[in-house]
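Trainee: Please show me the structure, and then I will ask how its descriptions are justified.

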Amino acid sequence: MKRNIINILLLLVTFAASAQSPKSLKQVKKAVYTLQTYDAEGNVLSTGNGFFANEAGDFITSYALLPNCAKAVVVDSKGKTHEVVKVLGANETYDIVRLQTAPIKKLASTPIDTTSTMEHTSLFLPAIGKEKKVYDTWIPVLSTEQAAGNYNYYTLHHAGSPTLSHRPLLDATGNVVAIVQPSVETDTVLYALDIRYALDLAVKALSVNDHSYRALPLRKALPADIDQALVSLFLVSDQDDAALRSEVIDEFIISFPESHEGYLSRAAHHIALKSDSAYALAEADHAMALEHAADKADEVHFQIAKQMLSVALDTLQQYKDWNYERVLTEIDKARAINPLPIYTQQQGDIYITLKDYTSAYEKYMEVNRSDIGSPDTWLRTAYIIEQRAGEGDVELAIALIDSAVVKGQQTTGNRQQTTAPYVLERALLKARHGLHRPAVADYNLYEELVGTINTDRFYYLREQSEAAGRMFQQALDDIDRAIALAPRQPVYLLEKASLNVRVARYAEALPILEVLIAAFPNDMDCNRLLGFCYIQLGDKQRGIPYLEKAAAIGDGAAKKLLEKYR
């Protein structure tokens with residue numbers, strides 16, 4: 001009984017509302033078109049409803065119609081087709097997509113209510129074509145909820161039908177306020193989404209990675225704001241999907257033809273193809289980028305230099321004069337416009353590649369004196385001088401790392417933690433050049449700066465310098481620390497045995513070597529040290545065979561020991 005009363009009330013509401021149709025009904029019907037999609041061979045894939053929401057050609061329709069299509073058109077009541085140009089916005093969840101079509105003369109569009117959030121007692125469902133006997137009716141609204149933010153989501157008292165999907169619903173003033181959601185014949189109610197949601201759909205900076213967009217083969221718009229569009233351009237620059245990268249770059253150039261970033265991005269895309277024809281296209285884009293550089297010509301020259309450098313570094317694929325000299329010239333052009341130290345640093349790196357360490361040193365010293373000078377640039381300069389390997393260069397390299405340490409002390413934050421890595425690098429440099437006791441001093445300072453060290457590698461490195469500097473007790477202590485942290489590392493066990501042999505602690509070395517020889521019976525060092533230990537402990541009979549085996553493997557030191565002890 002109660003259900004019958006509700007139905008009667010709803011019918012009364014519908015009857016009252018249907019006393020007159022919206023004044024804009026004729027205009028709305030003219031704006032409703034059919035969307036047809038085609039595969040690559042021209043076969044029709046799908047057909048569905050949609051309508052133009054404005055005179056700019058924004059067409060609202062079903063998202064589900066578009067995946068896998070190669071082409072889409074809208075068809076008017078007279079059968080005339082208008083090609084879909086690109087996707088302006090999409091949402092797979094609500095099955096809504098906003099498309100842009102090629103310009104249409106005298107385009108009929110629906111009047112839209114873009115501001116009202118009021119609840120409606122009923123909404124008008126227009127008939128399309130010859131459906132007037134069935135539709136052109138007011139439908140009672142059962143409930144209005146909020147969805148996807150501040151948008152209305154309507155439940156309406158009407159049976160479902162696939163033919164109703166994505167049709168407009170009008171209010172009493174004749175404005176479109178909602179769009180019908182997909183339904184099937186067995187549905188007892190219809191759902192409709194706020195038209196404002198469809199109009200607000202837009203491609204965002206991160207949409208290039210959104211599955212909803214990537215599943216659509218049609219051309220996609222970019223954000224209208226160039227800064228957001230640049231984010232999209234950056235996101236695809238390192239992706240393996242060359243087709244997606246090309247699509248986004250081309251769309252950026254179409255949308256922002258005066259921006260140099262699009263031409264540089266397309267040049268990089270061409271260069272990645274590694275062919276003379278592709279490099280020629282990149283060269284043309286370089287010219288276009290410079291033409292549109294405006295007040296950023298230095299940046300464009302620098303980016304061109306970096307792109308040319310990628311070709312110069314590729315020994316298998318060269319192109320014209322894209323060599324190191326040309327790259328340096330392009331950077332010089334950038335520096336002539338704006339002498340940024342980052343440009344100078346790039347030149348220094350190129351000179352390193354060319355093994356022109358003197359020129360690299362000069363460039364890096366310029367960088368060190370600039371506002372981007374840092375502990376890392378001082379350290380890099382030290383490596384350059386170390387590679388140059390001229391007279392006095394080791395001392396100069398150490399002095400340069402001293403400057404890195406000082407620069408680290410000037411930074412904010414934890415100065416000990418900032419300084420420590422460069423102290424360690426100084427220790428390593430000293431050790432590489434045989435300055436073992438000074439290296440140990442830096443290793444000790446590093447340990448003091450960082451506190452507890454749980455890295456076996458550190459203790460092994462310090463042990464090496466301690467042993468080379470004849471600081472044997474410290475070396476034994478450190479190799480024990482390394483073994484405690486990495487007990488199964490055979491190199492450390494062999495080093496401990498070797499140290500014990502050096503200080504004539506043969507009894508301590510022997511059990512270690514016996515364990516190692518069982519695991520590595522053909523190792524020259526194990527055989528030589530074990531044989532020598534046995535001899536020093538008075539067991540020449542057991543020792544000689546191990547020396548003979550080491551000598552047979554090719555150990556020259558073992559041969560000399562055999563000459564002495566046989």
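The questions below set values against definitions.

Mentor: This is a predicted model, in which local features need pLDDT of at least 70, side-chain atom pairs count only at pLDDT 80 or more, and totals for chains, interfaces and linings use all residues. Residues are numbered from 1 along each chain as its sequence is written, and side-chain values use heavy atoms, with hydrogens and water left out.

Trainee: What makes the chain more spread out than a compact globule?

Mentor: The globule rule is 2.2 Å times the number of residues to the power 0.38, and the radius of gyration is taken over C-alpha atoms. For 566 residues the rule gives 24 Å, whereas the chain has 39 Å, well over that, so the chain is more spread out than a compact globule. Along its principal axes the C-alpha trace spans about 120 × 65 × 50 Å.

Trainee: Why is aspartate 136 called buried?

Mentor: Buried means under 20% relative accessible area (exposed is over 50%, partly exposed in between; 1.4 Å probe, protein chains only). Aspartate 136 has 18%, so it is buried. Of the 566 residues of the chain, 49% count as buried.

Trainee: Where is aspartate 136 found?

Mentor: Aspartate 136 is in the loop between strand 7 (122-125) and strand 8 (137-147). Strands are DSSP runs of E, at least two residues, numbered from the N terminus.

Trainee: Which residues is aspartate 136 in contact with, leaving aside its neighbours within four places in sequence?

Mentor: Contact means heavy atoms within 4.5 Å. Those residues are Leu25, Lys29, Phe124, Leu125, Pro126 and Ala127. A polar atom of the aspartate 136 side chain lies 2.8 Å from the backbone nitrogen of alanine 127.

Methods
Helices (H or I, at least four residues) and strands (E, at least two) are DSSP runs, numbered from the N terminus. A polar contact is a pair of N or O atoms within 3.5 Å; within protein, one must be able to donate a hydrogen and the other to accept it, and residues adjacent in sequence count only if both atoms are side-chain atoms.
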